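Here's a quick briefing to read alongside the model. Have a look first, then we'll go through a pocket, a helix pair and the confidence scores.

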Amino acid sequence: MQVLLSSRPISWINTAFPFAASYLLTTGRVDVVLVVGTLFFLVPYNLLMYGVNDVFDYESDLRNPRKGGAEGALLDPSLHRTVVWAGVVTAAPCLVVMLWSAGTGHPWSWIVLAASLFAVFAYSVPGLRFKERPVLDSITSSFHFVSPALYGLAVAGAAATPQLAALLVAFFCWGMASHAFGAVQDVVPDREAGIASIATAFGARAVVRLALGLWALAGLLMLATEWPGPLAALLVVPYLVVVWPFRSIDDAHSGEANRGWRHFIALNYAVGFLVTMLLIWWAAVRA
């Protein structure tokens with residue numbers, strides 16, 4: 001059970017959906033690449049990303065009251081090797097099928113997938129530990145969610161357009177904002193463990209305001225996308241409303257931001273539903 005919990009089931013959809021949506025809307029077909037790719041980004045990808053993180057963050061997680069539930073497993077050391085191998089063993093067959101199915105006709109898909117996997121490990125493993133490099137931590141975390149969409153577009157042979165670029169940059173800003181705000185609640189335990197982050201480096205108040213700015217920028221960028229994409233600009237408003245009360249929070253009380261983070265997790269599902277409706281509308285307009 002702990003092995004499965006380490007993959008953050010509550011967040012599976014956040015990586016599987018971007019891939020499936022980008023591939024399906026580009027190709028309009030259900031095939032091996034869609035099915036296997038969705039399965040990969042649903043479970044093995046998250047098991048590698050979060051499981052590896054839980055293994056190498058064990059000492060700091062002991063000091064973090066959030067760990068041990070939906071927001072992250074507190075893995076017993078006896079399970080560390082099992083979690084890592086579970087991620088590798090479940091990911092390997094999916095990757096083989098994905099690479100074989102993509103063939104040589106979409107070389108960018110190989111590069112994007114390699115970069116995605118590199119980012120998964122670079123975030124946590126000793127020697128790289130991007131999660132302890134302020135700003136790079138938020139950039140890498142955002143790439144964890146944007147790269148499945150990039151891979152879906154690359155393997156589907158999508159054409160690059162200014163509107164698509166605006167959408168992807170908006171998604172990237174959303175990801176950076178989400179990570180930055182999530183880091184605020186861990187300022188105290190991270191500092192006690194000697195772990196650097198964007199929040200420990202710049203302080204809780206500044207980072208909350210940065211997150212608000214990034215969400216607002218994401219909304220503005222969506223105005224440059226194809227109709228009905230501009231309507232998605234409204235979807236950043238609930239995030240701004242939820243996080244706004246914490247705009248002046250200080251480091252000593254940064255743990256209180258967990259209340260906002262819990263609302264944020266629930267909000268993702270509601271916004272995800274509305275995004276799905278907009279994507280269906282967009283597909284219907286193009287048909």
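How do the residues of the lining of the second largest pocket divide into nonpolar, polar and charged? The split is 12 nonpolar, 3 polar and no charged, where Ala, Val, Leu, Ile, Met, Phe, Trp, Tyr, Cys and Pro count as nonpolar, Asp, Glu, Lys and Arg as charged, and the others, Gly among them, as polar. Keep in mind that this is a predicted model, with local features needing pLDDT of at least 70, side-chain atom pairs counting only at pLDDT 80 or more, and totals for chains, interfaces and linings using all residues. Residues are numbered from 1 along each chain as its sequence is written, and side-chain values use heavy atoms, leaving out hydrogens and water.

**The pocket**
- The second largest pocket has a volume of about 260 Å³.
- Leu-150, Leu-153, Ala-154, Ala-158 and Ala-160 are the closest to its centre, out of 15 lining residues (those with an atom within 4 Å of a point on a 1 Å grid).
- Helices α7 (107-122), α8 (136-156) and α9 (162-184) each give two or more residues to this lining.

**Helix packing**
- Helix α2 (residues 13-27) packs with helix α14 (residues 257-286) at an angle of about 5°, their axes 12 Å apart.
- That makes α2 roughly parallel to α14 (angles under 35 degrees count as such).
- Among the residues in contact (heavy atoms within 4.5 Å) are Phe-17 and Leu-25 in α2, and Tyr-269 and Trp-282 in α14.
- By class, this contact has 9 nonpolar, 3 polar and 1 charged residues.

**Confidence**
- The protein averages a pLDDT (the predictor's confidence in each residue, from 0 to 100) of 90, and 90% of the residues score at least 70.
- Confidence is lowest in helix α5 (residues 58-61), with a mean of 54, and highest in helix α12 (residues 204-222), at 98.
- Where pLDDT is low, the predicted coordinates should not be read in detail.

Technical notes. Axes fitted to C-alpha atoms, helices over the stretch in contact; angles between N-to-C directions. Helix = DSSP H or I, 4+ residues; strand = E, 2+ residues; numbered from the N terminus. Parallel < 35°, antiparallel > 145°, perpendicular 65-115°, else oblique. 1 Å grid on protein atoms, 1.4 Å probe; cavity = no way out; pocket = protein on both sides within 12 Å on 5 of 7 lines; lining within 4 Å. Points joined across faces, edges and corners; volume = space filled by probe spheres on them.
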